[in-house]
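Biologist: I'm new to reading protein models. Could you walk me through this one, step by step?

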Amino acid sequence: MTAPLLTVENLSVVFRQGPKQVRAVDGVSFTLRPGGRLAIVGESGSGKTSVALALAGLLPRRGVERGGSIRWPSLGNSVCAGRDVGVVFQDPMSSLNPVLTVGEQVAEVAVTHLGLSWDEASLRAGELLERVGLPQPHDMADAYPHQLSGGQRQRVALAMALAAGPKLLIADEPTTALDTLTQAQIVKLLDRLARDTRLALILITHDLALARGMVETGMVMNSGRVVETEPIDALLSSPRHAYTRVLLEATLDPDAPPARKAKKLPGPPLLRLSGLRKGFGRGVRRVTAVDGVDLTVMKGETLGVVGGSGSGKTTLARLIVRLLEPEAGEIEFTGLDLLTHRGAALRQTRARLQMVFQDPLSALNPLATVRRLLSDPLRIHGHVAPVDREAAVIGLLHRVGLSPDLADRYPHELSGGQRQRVNIARALASRPELLVLDEPVSSLDVSIRAQILKLLDDIQRDLGLSYLFISHDISVIRAVADRVAVMDNGRIVELGTADAIFTRPSHPLTRALIDAAPRLHRKAL
Amino acid sequence: MRAANRFFSGGGIVGTMLVAGVAIAALLAPVVAPGDPLALIGRPLIEPFTDWRFPLGTDRLGRDVLAELLHGARATLIVGGAAMLATLIVGIVIGTLAGFIGGTVDEALMRLADAFQSVPTFILALAFVSIAGPSLTSVVIAVSLGAWTAPARVLRAEILSLRRREFVDAYRVLGMAPLHIAFREVLPNALPPVITLAAVIVANAILVEAALSFLGLGNPNSVTWGAMIAEGRAVFRSAPFLSAIPGVAIVVTVLGVNLLGDAANDAINARQAQV
């Protein structure tokens, strides 16, 4: 039996701010053998990231108290973050330095920790960039972070983490900011690298399905405490703790039959797009984000739009709600030609066509209370008399399952799920017929995501709304859509009923998206 | 709570006391020194603290220095306050429009700001007052002419970054009028850095006013500290107190306003950190 790589005993992390203190981590213990792989699974506020920061020695010095012990029996006790422990964070854009080329950034790590000269380090950087699977690594070394795609940036961040030959890699939500296909590639890469170099891995994630394929042990955390630590297969097949079961049930399964059986098209058509086109930039730098899209949303249905990042989904949404003007094409809404509407006519139509945005915090004015946010649409569209507004606001809060007590709160005083409910309530306030939902659940925790999807379903049933539901996550689309449109490079590459798309995908991209989705169980062949 | 604590700490308290002192002096001027401060009421050049009727002495023409100082505080605060208001209103309107509308409007307004910034502030003020004639209003306008570009630029930058936030899109999708979104919803989010600029503008206005008065371009019918310094210059070697007393008053006021501005800045930062 070799000495463990890492022994954590009774770790606690307390953040202090004035008189307030928050116990982010409370009595966490575990061990990791050399080359071992552990996933720390939890939702936001579970303390999983604080554990990672404590291990990497990256906790802020002031205002933080750390208790318990972190020991590295097989490394001696002089462990250095960056040399012995590599870290990869969620957002590769903010973890890279925008004014250095990626080659310089990787080489810098080797110079600092291995004492190489710049020439040797540059060579090593080239090898590393090749190992993380960047195409043409020697040209890529001269690129700046903003010239790379999200997946490429995450590969660079990984190369930096590995540059000094660490014994442990901590990956904190390494794929959360990426789309499904890129996520699958990064997962595969992490797996290969860890195996090749006998690197121990700690994966911090909210996604049990993602953990399944990558680690041997799963540790579930909730409110700073460890709920249970089990071999990952046992954890998934026979969870002992109620909280683990909640997480499991909230995880969407991409192989389950589509939630909605294709009804006979409810019709009539509510929204019809034809030949819609929109590009950005000029000349050689021009990108056609939406390139001739024809699409129809029927009354009462949910049309799911799925695609990778950069496929034009969000531009499509913004064209429909007239945040952007198309270059060509037509938008017909309830038989009206939407693009000819201006001024008062446009305002009237807007009431019937609303949008829910991706980032629930950014979509709410930080200086407005919930009451004011929900009164705005009532005031603008004037379909509720001023004396009845208060009652209408309370009604909207009830409708989205929020307590009327929240009416005087500001957005920063709400939880993520509550914020998205306020966004939905605001979109409902003008009594729309169509809601454009742009990634409405991507920034939410899995258990909250399940609640919001249920809420959207209830609202649709009660009010007979139509949804255009945009997501990069095929499992989410499977759970909500009657019909599915798959987008790539600004075009619709496949369109069909959810049943047809999921059981008989015909386009290679559709198949790739379905295959790439993380699964709780091995895919049945 | 924490923001308030941050405000009333050290510099904030001193700044508040200094500015409050000047304000009280300005308010009490008609009570302590009734009548025209420019009246010739005593023997010229009485040294301070030698005659109880004129605690701070008299000037070359036999005017009461204390009365001049207190009445001067009024003029100083009025100029500082009015110049700040005028500067902020112009700067906020132009900065918000430039940042929110963007495109040609932004270009035009910012080139206008460049034009104003390319002339030294004081020369601009000097030129304006010598054309418009010396009066309180023209001094206020003269100060604002050179100062509006700072809040306009700061605000434009803030609005440019806020404009990309999804809540602005959400308001547009709701059908809210663009000007309403810009001024009622986005602007309040952009104000904190401009509020801290306000103190700098007040301090600068006081200094410019003093300098204009020193050059004889202030309002001849009201006492100001700058005019007092200019008046004392002729006898600076025999009676330095005539220039020193209003000089100290200017230093104290500008220091107080700056301390207040710094404290406001800290308080706003603490509040934003909480949000």
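Biologist: Among contacts in chain A between residues at least 6 apart in sequence, what share join residues at least 24 apart?

Modeller: First, this is a predicted model: local features need pLDDT of at least 70, side-chain atom pairs count only at pLDDT 80 or more, and totals for chains, interfaces and linings use all residues. Residues are numbered from 1 along each chain as its sequence is written, while chains are lettered from A and ligands numbered from 1 in the order in which they are written. Two residues are in contact if their C-beta atoms, placed from the backbone, lie within 7 Å. Take the contacts in chain A between residues at least 6 apart, and the share joining residues at least 24 apart is 70%.

Biologist: Why does the radius of gyration of chain A agree with a compact globule?

Modeller: The radius of gyration is taken over C-alpha atoms, and the globule rule is 2.2 Å times the number of residues to the power 0.38. With 525 residues the rule gives a value near 24 Å, so chain A agrees with it at 25 Å.

Biologist: What are the domains of chain A?

Modeller: Domain bounds here come from an automatic or database domain assignment. Some domains are pieced together from separate stretches: domain 1 has 1–84 + 168–251, and domain 3 has 266–352 + 434–451 + 463–525. The others are domain 2 (97–165) and domain 4 (365–431).

Biologist: In what order do the strands run in the open sheet whose edge strands are strand 5 and strand 9 of chain A?

Modeller: Helices (H or I, at least four residues) and strands (E, at least two) are DSSP runs, numbered from the N terminus, and two strands pair if DSSP finds at least two bridges between them. Strand 5 (85–88) and strand 9 (225–231) of chain A each pair on one side only. Inside the sheet, strand 3 (37–41) and strand 8 (217–222) of chain A pair in the parallel sense over four bridges, with Ala39(A) bridged to Gly218(A). The pairing in the six-strand sheet is mixed, and the order is 5-6-7-3-8-9.

Biologist: And which residue stands opposite Leu437(A) in strand 17 of chain A?

Modeller: That takes us to an open sheet of six strands in chain A, ordered 15-16-17-12-18-19 with mixed pairing. Its edges are strand 15 (353–356) and strand 19 (491–497) of chain A. Strand 16 (434–438) and strand 17 (466–471) of chain A pair in the parallel sense over five bridges. Opposite Leu437(A) you'll find Phe469(A).

Biologist: Which element gives the most to the side of chain A that touches chain B?

Modeller: The contact takes 22 residues from chain A and 15 residues from chain B. Helix 12 (343–351), strand 15 and helix 13 (370–381) of chain A each supply at least two residues of that side of chain A. With four residues, the top giver is helix 13 of chain A.

Biologist: Is Glu231(B) buried or exposed?

Modeller: Glu231(B) is found in helix 11 (225–233) of chain B, and beyond its neighbours within four places in sequence it is in contact with Asp59(B), Arg60(B) and Leu242(B). Glu231(B) and Asp59(B) are 172 residues apart in sequence, yet 8.3 Å apart in space, C-alpha to C-alpha. A residue is buried if 20 or more other C-beta atoms, placed from the backbone, lie within 10 Å of its own, exposed if 12 or fewer, and partly exposed in between. Glu231(B) has 21 within 10 Å, so Glu231(B) is buried.
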